[in-house]
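Q: Please pick one part of this structure and take me through it slowly. I would also like to see how it sits in the rest of the chain, and how far I can trust what I am looking at.

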Amino acid sequence: MNFRAVSLLIFLAALIAGCEPPAEQSSEEQTAGAPDVVSGASQPAGPAEGEAIVFDSAGTSLTLEELVTTGNVIWAMDFIAPDTMIFTERQGAVKLLNTTTNEITSVDGGPDVHVSDSGGLFDVMVDPDFANNGFIFFTYIKGLGEQSAVAVARSRLEGKKLVDTQDLFVANNPSDDHAHWGSRVIMDNERYLFFTSGDRHVPDNAQSTSSHGGKVLRIRADGGVPDDNPFAGEAGAAPEIWSIGHRNPQGLFLDPGSGVLFEQEHGPTGGDEINRIEKAVNYGWPIISYGDNIWGDRQPEGTEREGLEQPLAYFKPGIAPTGICIYRGDRIPGWQGSVFSSTLRGYVVRLELAGDAVASEERLLTEWGERLRDVVEGPDGSLYLASEAGKIGRIVPVESKL
Ligand SMILES: [Ca+2]
């Protein structure tokens, strides 16, 4: 059966299930309503109650510790102290988790979030100089009348309260569409903020240098625009743009080991990508893709064209990727330099890279059965995962357990 035929089956299955997809459907949304026909199996069931998940990876016996369950979609995590995580829930809440006692503390204040089907409060990023300035950065959906737009905000955390919240950026492509937002934010060593913005179901946004849609963007920590951004001096162009041709980029990570900026995005169907982001480069969407835009009328012309960058890795069938990080800890030595992608398909992808190529791939935690929203390395060298069911888990070596 060819890929088209499989795609048609997905479409028919979705119709039968009574969940007719919108005009264009991303791999993210397919996992939400339609059966997972591509892999031929529904999401795996979770483990029996009280049964530990133990698995081997890179020569180490590992186990998953489930810390908490909030019941809400946890979108992002970061750390303000070695044992204190700050995390976001898509419905707008910001919370602290003590990763030793598992105590959760609600935080007041923060951005005024517009909540829709798949949008609301997204990423959270702790300023590298947090101990001195208290800054916390967020990406979120800002309501603009009947429409909404991706925004980046900065607050200051005072105890259990976010104060002095201000928008640093509001995207110039507001829409009443309710998906394809992106969005993640990171800060580099020179205190530039890099963040992602999705195409909002307007594929041509991604190729337009006047639109913030479908881009990686770069601003200063105070919201100002650096004048060495690639389109900063161009008439009619959006000066915040750093790279173009992205679809729905939900992962962004600056690797402290290599200095490389990694981006990860949902493709149309079977074209999810990991890219190495460089200034002014065009990553191709919607002109080229390894996926089929089966729900839309804008079909990629193929997989390659001169002048358009190839992904570092692509996934076909898709994995519905969300967060991404590179492991640089010492607690699990075999994982040094591995790329981790959390996915909505109920597993974590681990890639080993060799130069510009993927040397090996494995899928972990299928037995947990969680739709995963984020993956981060903690200060303790454990790998933390967050799920749409509101679970936070931590992968640790078996021998480190008492
Ligand atoms: Ca691409």
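A: Happy to, and one cut-off will help from the start: a residue is buried if 20 or more other C-beta atoms lie within 10 Å of its own, and exposed if 12 or fewer do. Keep in mind, too, that this is a predicted model.

Glu103 lets us try the cut-off out. Because Glu103 has 10 C-beta neighbours inside 10 Å, it counts as exposed. Its place is the loop between strand E5 (94-98) and strand E6 (104-109). Val68 is 35 residues away from Glu103 along the chain, yet their C-alpha atoms are separated by 8.6 Å.

Now for the part I would like to dwell on, strand E24 (residues 383-387). Here 5 of the 5 residues are buried, so the strand is largely enclosed by the rest of the structure. In a regular strand, side chains alternate between the two faces of the sheet. In E24, Leu383, Leu385 and Ser387 point one way, while Tyr384 and Ala386 point the other way, and all of them are buried.

What pairs with E24? Strand E23 (residues 372-377) runs antiparallel to E24 and is joined to it by 5 bridges. One of the partnerships you can look up is Glu377 with Leu383 of E24. The hairpin of E23 and E24 has 5 residues between the strands, and Gly381 takes a positive phi near 80° there. Strand E25 (residues 391-397) is also antiparallel to E24, through 4 bridges. In that pairing, Ala386 stands opposite Ile392 of E25. The hairpin of E24 and E25 has 3 residues between the strands, and in it Gly390 has a positive phi near 85°.

Next, follow Leu385 to a residue elsewhere in the chain. Leaving aside residues up to four places away in sequence, Val348 touches Leu385 along with Phe340, Ser341, Ser342, Thr343, Leu364, Leu365, Leu372 and Val375. Val348 also stands out in the largest nonpolar core: of its 85 residues, Phe87 and Val348 touch the most other members. Strand E9 (residues 147-158) gives the most to this core, with 6 residues. In soluble globular proteins, nonpolar side chains tend to be buried together.

For another antiparallel arrangement, look at the open sheet of 4 strands in the order E11-E12-E13-E14. Its edge strands are E11 (185-187) and E14 (241-244), each pairing on one side only. Neighbouring strands of this sheet are turned by 20° against each other on average, direction ignored. Within the sheet, E12 (residues 192-197) and E13 (residues 215-220) pair over 6 bridges, with Phe194 partnered by Arg218 of E13.

Stepping back, the chain has 3 helices and 25 strands, and 46% of its 402 residues count as buried. Among contacts between residues at least 6 apart in sequence, 58% join residues at least 24 apart.

Finally, how far to trust it. The chain averages a pLDDT of 89, and 86% of the residues score at least 70. Over residues 1-26, however, pLDDT is below 50, and this stretch has 42 contacts in the model beyond near neighbours in sequence. Residues 32-44 also stay under 50, with 28 contacts beyond four places in sequence. Where pLDDT is low, the predicted coordinates should not be read in detail.

Terms used: Residues numbered from 1 in each chain as written. Helix = DSSP H or I, 4+ residues; strand = E, 2+ residues; numbered from the N terminus. Pairing = 2+ DSSP bridges. Axes fitted to C-alpha atoms, helices over the stretch in contact; angles between N-to-C directions. Contact = placed C-beta atoms within 7 Å. pLDDT = per-residue confidence, 0-100. Core = buried A, V, L, I, M, F, W, Y, C linked by C-beta atoms within 7 Å.
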